[in-house]
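Let's take a walk through this protein together, starting with the order of its parts and ending with a pocket. Keep the picture open as you read.

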Amino acid sequence: MRLELTVNGERREAGVWAGESLLSTLRDRLGLPGSKNACEQGECGSCSVLLDGRLVCSCLVLAVQAEGHEIVTVEGLADGEALHPVQEAFAETGAVQCGFCTPGFVVAAADLLGRNPDPSDDDIREALSGNLCRCTGYQKILDAVRLAAAK
Ligand code: FES
Ligand code: FES
C-alpha cells in the first residue's frame, strides 16, 4: 500500500506492507538510518522519533498509522550544518560510546528540553527512563542533557 507522510519537514511517500513498522519504513524505504533497531519490542528506545510532537518508539508504530502525520527523526533535529544543542552536548561530554543508543537518547532529550528547558535531575532521569544504554553508565548522558539545558 502507498503511504504519504511528512518526515523532517518534507512530504514523503513510500510503498509499505500492512504490518510494517514505522521504524522499518524510515530506515529501509526512506533512507533515514538514524533511528536504530536494537530490540524491536519497545524496550530500548533506540528507535525514538517524534510523531506529531509526541515521543514514540517507531518500532511499535505501524507505518500505516503514520499516514498523513508528521515525523521528526534524529536526522531532522539539526538545523542544516548546525547541530541541535543536545547533539553538541552529547559530543562535548563524551556521552557517545558505541553510539547505538545515542539517536534515541538525543530525540528523547530534545523532546524533554522542548517541554521543560530547565529540568531537574529527576526530570531528566524520568524522561530518559525508556532509553537503554549498554556502554556509558548513564552519567555522561545525564551530563550531556544538563549541558544542553544550560546552552
Ligand atoms: S528498537 Fe524500538 S524500543 Fe528498541
Ligand atoms: S553508547 Fe553504546 S549502547 Fe549507549
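Start at the N terminus and follow the chain along: its elements come in the order β-β-α-β-β-β-α-α-α-α. Count them up and you have five helices and five strands. Bear in mind that you're looking at a predicted model.

How does the fold as a whole pack together? The radius of gyration of the protein chain is 15 Å, close to the 15 Å that the globule rule gives for 151 residues, so the chain is as compact as a globular protein of that length. If you drew a box around the C-alpha atoms along the principal axes, that box would be roughly 45 × 30 × 25 Å.

Now think about which parts of the chain touch. Take the contacts with a separation of 6 or more: 55% of them are between residues 24 or more positions apart. As for what's tucked away, 46% of the 151 residues are buried, with under 20% relative accessible area. On the outside, the chain exposes about 7,700 Å², and carbon and sulfur atoms supply 48% of that area.

Finally, go looking for the largest pocket. How much space lies in it? About 230 Å³. To find this pocket in the structure, pick out the residues that line it: A38, C39, C44, S46, C98, F100, C101, L132, C133, R134 and C135. Sort that lining by character and you get nine nonpolar residues, one polar and one charged. Cys counts as nonpolar in this sorting, and C39, C44 and C98 are among the cysteines in the lining.

Technical notes:
Residues numbered from 1 in each chain as written. Chains lettered and ligands numbered in written order. Predicted model: local features only at pLDDT ≥ 70, side-chain atom pairs only at ≥ 80, totals over all residues. Heavy atoms only, no water. 1 Å grid on protein atoms, 1.4 Å probe; cavity = no way out; pocket = protein on both sides within 12 Å on 5 of 7 lines; lining within 4 Å. Points joined across faces, edges and corners; volume = space filled by probe spheres on them. Helix = DSSP H or I, 4+ residues; strand = E, 2+ residues; numbered from the N terminus. Rg over C-alpha atoms; globule rule 2.2 N^0.38 Å. Buried < 20%, exposed > 50% of the residue type's maximum accessible area, 1.4 Å probe, protein only. Contact = heavy atoms within 4.5 Å. Areas by Shrake-Rupley, 256 points an atom, 1.4 Å probe, with all protein chains shown as cover.
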